[in-house]
Amino acid sequence: MRVAIVGAGYVGLVSGACFADYGHEVTCCDNDQDKIAALQRGVIPIYEPGLPEIVKRNLQQSRLAFTTNGDTAIRAADAVFIAVGTPSRHGDGYADLSYVYKAAREIAPELDGFTVVIIKSTVPVGTGDEVERIIREVRPDADVAVVSNPEFLREGAAIQDFKHPDRIVVGLEDPRAKSVMAEVYRPLYLNAAPILYTGRRTAEMIKYAANAFLATKITFINEIAELCEKVGADVQDIARGIGLDNRIGSKFLHAGPGFGGSCFPKDALALIKTAQDHDAPIRIVEAVVAVNDARKRAMARKVAAALGGQIRGKVIAVLGLTFKPNTDDMRDAPSIPLIRGLQDMGASVRAYDPVGMEQAKPLLQDVVYCDGPYACADSADALVIVTEWEQFRSLDLPRLKGVMRNPVLVDLRNIYQAEEAMRHGFSHVGIGQNAAGGLAADSEKKG
Ligand SMILES: NC(=O)c1ccc[n+]([C@@H]2O[C@H](COP(=O)([O-])OP(=O)(O)OC[C@H]3O[C@@H](n4cnc5c(N)ncnc54)[C@H](O)[C@@H]3O)[C@@H](O)[C@H]2O)c1
């Protein structure tokens, strides 16, 4: 089957590489010339474990191609995926659909024979209708079916998620598209991954409902964590205690500094806007966004509190900048408001991230970027763990203490036990735990 993908970003590139691995003939098109030139040389512009090998293998076997001009590939394609970005529109929080509509206008003139145009980008309900309208306006004679096929992959585990999805959602109005979609996903279908066929609008809503629900779950446990700190309970035990209930489930119950990333913040906001426009406001998601924004800002105050309140002139070492491990994606990362908050309070910031520092540099100025966790901690008054990269789980605590000016560990991911940190001479502040090891708590006790 011949597949064209418009947009070779995270989703387009992973989808294209995996479809090629299934044996389809895939062309990924992107209007970013540097990105395409790099991909043609086999250089992958994003950090995603396992992706370079798949791209290389399929380039060698000529099943995967990259181009800035997709016209020929679109004419030949049975299925054309739209995987361009849908960021928050500046100023109002609606999803910016200009890239999707532009892609539809570019695809339309090239359609040749029955073609299924599939929207893989996350788009508000009704966008499929508009894409179909645009295509019919540009090419009234086109034989086309427009399908919604939202993507659920997680950055950092994208290949695994794409090849072993919990489900594939396909929203269609034209029954002819069903056999094409079944063929596109045939290898997964053989693996018995459930394919859920729905109406197009329903499929569009499923994606937003899923992300809003997960964002709500995270925010719920974050608020429980806040209460735990006040009442002397432990949020990790609570997460386990409720997560073992099958009706709740244990995933997305890790309290932390607030959610970020390229999807949850913008998708929650876009859902809020859609709901308001339809006079069906989703108050719970409105609260989630407000609580999460406030929480991310509050993390700087939490670090200051761990140092007794005043951090002017202090040096804070930050470990982990990306919004989660195994990605170099900095979009809406909690590290950004944290570091800006620390700088606003007069602290100097040193930082280390295993792969995200190049992406972070344009976003976070006046930061000393370091070569590793120990160089980062050098002469610091506090060490803050923001992203739970695997390598931060087994830090040499005595060595860290040896290089720091003041052994304060603020663990925003709860990857160290307070007792363990304290045994090595650290004052420890976690999330949703009784902050007995923190300086603030110590001074309260002394006072
Ligand atoms: N990143 C994720 O984890 C993830 C997961 C699920 C869904 N999504 C959704 O998938 C969509 C894409 O996200 P992403 O993270 O891959 O975005 P991205 O910004 O990484 O990639 C988008 C790409 O589209 C290209 N592009 C834009 N307009 C184009 C055009 N007219 N022709 C050709 N190329 C064009 C850009 O140059 C860019 O390379 C978004 O709607 C997002 O919400 C993302």
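Two strands count as paired here if DSSP finds at least two bridges between them. Keep that in mind as you click through this predicted model.

**Stop 1: strand β9**

Select residues 315-319, which make up β9. Next, add residues 348-352, strand β10: the two strands run parallel and share five bridges. For a single spot to zoom in on, take Leu 319, which stands opposite Tyr 352 in β10. Now show residues 335-344 as well. That is helix α14, and together with β9 and β10 it makes a right-handed β-α-β unit.

Is β9 enclosed or open? Colour it by accessibility and you'll see that five of its five residues are buried, so the strand is largely enclosed by the rest of the structure. Look along the strand to sort the side chains: Val 315, Ala 317 and Leu 319 point one way, while Ile 316 and Val 318 point the other.

**Stop 2: across to β12 and on to β14**

β9 has another parallel partner to look at, β12, with four bridges between them. Leu 319 helps again here, since its bridge partner in β12 is Ile 385.

From β12 (residues 382-385), move over to β13 (residues 408-411); these strands run parallel and are joined by three bridges. Pick Leu 383 and you'll find Leu 409 as its bridge partner in β13. To follow the chain between the two strands, trace it through helix α17 (residues 397-403), a β-α-β crossover that is right-handed.

Stay on β13 for a moment. Val 408 and Val 410 point one way and Leu 409 and Asp 411 the other, and all of them are buried. Then add β14 (residues 427-429), which runs parallel to β13 and is joined to it by three bridges. Leu 409 turns up once more, this time opposite His 428 in β14. The chain gets from β13 to β14 through helix α18 (residues 418-423), in another right-handed β-α-β crossover.

**Stop 3: strand β4**

Jump to residues 79-82, strand β4, which is covered on both faces: Ala 79 and Phe 81 are buried on one side, Val 80 and Ile 82 on the other. Which strands pair with it? Show β1 (residues 2-6), which pairs with β4 in the parallel sense over four bridges, and β5 (residues 115-119), also parallel to β4 over four bridges. Two residue pairs make good markers: Ala 4 opposite Val 80, and Phe 81 opposite Ile 118. Add α5 and you have a right-handed β-α-β unit built from β4, α5 and β5.

**Stop 4: the ligand**

Keep α5 (98-107) on screen and add α1 (10-21), as each supplies at least two residues of the shell around the ligand. In total, 26 residues surround the ligand, and the closest are Val 11, Asp 30, Lys 35, Thr 86 and Lys 266. Colour the shell by class and you get nine nonpolar, eight polar and nine charged residues.

Now for the contacts. A polar side-chain atom of Lys 35 sits 2.6 Å from a ligand oxygen, and one of Glu 155 is 2.8 Å from a ligand nitrogen. At Arg 331, a side-chain N or O atom is 3.1 Å from an oxygen of the ligand. How much of the ligand is buried? Taken alone it exposes 840 Å², and the protein buries 89% of that.

**Last stop: Val 368**

Finish in β11 (residues 367-369), where you'll find Val 368. Its relative accessibility is 43%, so Val 368 counts as partly exposed.

Methods. Residues numbered from 1 in each chain as written. Predicted model: local features only at pLDDT ≥ 70, side-chain atom pairs only at ≥ 80, totals over all residues. Heavy atoms only, no water. Near = heavy atom within 4 Å. Polar contact = N/O pair within 3.5 Å; in protein donor to acceptor, adjacent residues only side chain to side chain. Areas by Shrake-Rupley, 256 points an atom, 1.4 Å probe, with all protein chains shown as cover. Nonpolar A, V, L, I, M, F, W, Y, C, P; charged D, E, K, R; others polar. Buried < 20%, exposed > 50% of the residue type's maximum accessible area, 1.4 Å probe, protein only. Right-handed = clockwise from strand over helix to strand, strands pointing away.
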